[in-house]
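Open the structure in your viewer and keep the selection tool at hand. We will go from stop to stop, selecting a few residues each time.

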Amino acid sequence: MQESLKDWIATTNARDMNRLTSFYVPTVENFYQQRNVKRATVRAEKVRTIEKADVVRINFAEPTINLSSDGSRATMRFRKTYVIGTRRNSRLGEVLQELIWQKTDSGWKIVSERDLRVIR
């Protein structure tokens, strides 16, 4: 599971939108404050905030991982620090993030992505 997180972060930092989109199920249950979001909408939001940025630097602390009793889902929580922006306007901060992963025939996929708490 931690390898999936590392890969997701590295792909985000590399701004590889095709690969980043492949981490998500076709309909994401929770995407920040939205529910039942199509993967194309997730991609559009990632393009808007990440692909066009001059700077994308995301780091994470050791996650806590809780597996469901049947092993088909994993809830991962971790501190995420980020700097995303252009030379004129950057956002930086730290959040407690939660990703919920589901085991599929093609590996672990994200079914939920949200911030639980803004730290700074």
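Start by selecting Gln102, which sits in strand β6 of this predicted model. Gln102 has a relative accessible area of 25%, so this residue is partly exposed. Now show what surrounds Gln102: leaving aside neighbours within four places in sequence, its contacts are Ser72, Arg73, Gly107, Trp108, Lys109 and Val111. Add Val25 to the selection as well. Val25 and Gln102 are 77 residues apart along the chain, yet their C-alpha atoms are separated by 8.5 Å.

Next, move to Ser112 in strand β7. Is Ser112 buried or exposed? Its relative accessible area is 0%, so Ser112 is buried. Display the side chains of Ser112 and Asn30, and you will find a polar contact of 3.5 Å joining them. Apart from neighbours within four places in sequence, Ser112 touches Val28, Asn30, Glu98, Leu99 and Ile100.

Now select helix α1, residues 2-14. With 13 residues at 1.5 Å a residue, α1 should span 18 Å, and its end C-alpha atoms are indeed 18 Å apart, so the two values agree. Colour Ser4, Leu5, Trp8, Ile9, Thr11 and Thr12, the buried residues of α1. Those residues cover an arc of only 165° around the axis, which puts them on the same side of α1. There is a simple background to such patterns: an α-helix has 3.6 residues a turn, so residues three or four places apart point the same way. Turn to the other side of α1 and you meet Glu3 and Ala14, which are exposed. What lies over the buried residues of α1? The cover includes α2, α3, β3, β5, β6 and β7. Just after the helix comes Arg15, whose phi is positive, near 60°.

Stay with α1 and pick Trp8. Not counting residues up to four places away in sequence, Trp8 touches Leu20, Phe23, Tyr24, Lys46, Phe78, Gln97, Leu99, Trp101, Ile110 and Glu113. Trp8 also belongs to the largest nonpolar core, which has 27 residues. Which members of this core touch the most other members? They are Leu5, Trp8, Phe23, Tyr24, Leu99, Trp101 and Ile110. To see where the core comes from, select α1, α2 (17-21), β1 (27-31), α3 (39-51), β3, β5, β6 (90-104) and β7 (107-118), each of which supplies at least two of its residues.

The last stop is the aromatic rings. How many aromatic pairs are there? The count comes to 3. For one of them, select Phe31 and Tyr32: the ring centres are 5.1 Å apart and the planes meet at 80°, so this pair is edge-to-face. Phe31 is buried, because its relative accessibility is 3%, while Tyr32, at 27%, counts as partly exposed.

Then select Phe60 and Phe78. Their ring centres lie 6.2 Å apart with planes at 75°, so this pair is edge-to-face. The Phe60–Phe78 pair links distant parts of the chain, with Phe60 in strand β3 (residues 55-60) and Phe78 in strand β5 (residues 73-85), 18 residues apart. Phe60 has 29% relative accessibility and is therefore partly exposed, whereas Phe78, at 1%, is buried. Keep Phe78 selected and bring back Trp8 to finish: Phe78 is among the residues that Trp8 touches.

Key: Residues numbered from 1 in each chain as written. Predicted model: local features only at pLDDT ≥ 70, side-chain atom pairs only at ≥ 80, totals over all residues. Heavy atoms only, no water. Phe/Tyr/Trp six-rings, centres within 6.5 Å; stacked < 30°, edge-to-face > 60°. Buried < 20%, exposed > 50% of the residue type's maximum accessible area, 1.4 Å probe, protein only. Helix = DSSP H or I, 4+ residues; strand = E, 2+ residues; numbered from the N terminus. Core = buried A, V, L, I, M, F, W, Y, C linked by side-chain atoms within 4.5 Å. Contact = heavy atoms within 4.5 Å. Expected span 1.5 Å × (residues − 1). Arc of directions from axis to C-beta. Polar contact = N/O pair within 3.5 Å; in protein donor to acceptor, adjacent residues only side chain to side chain.
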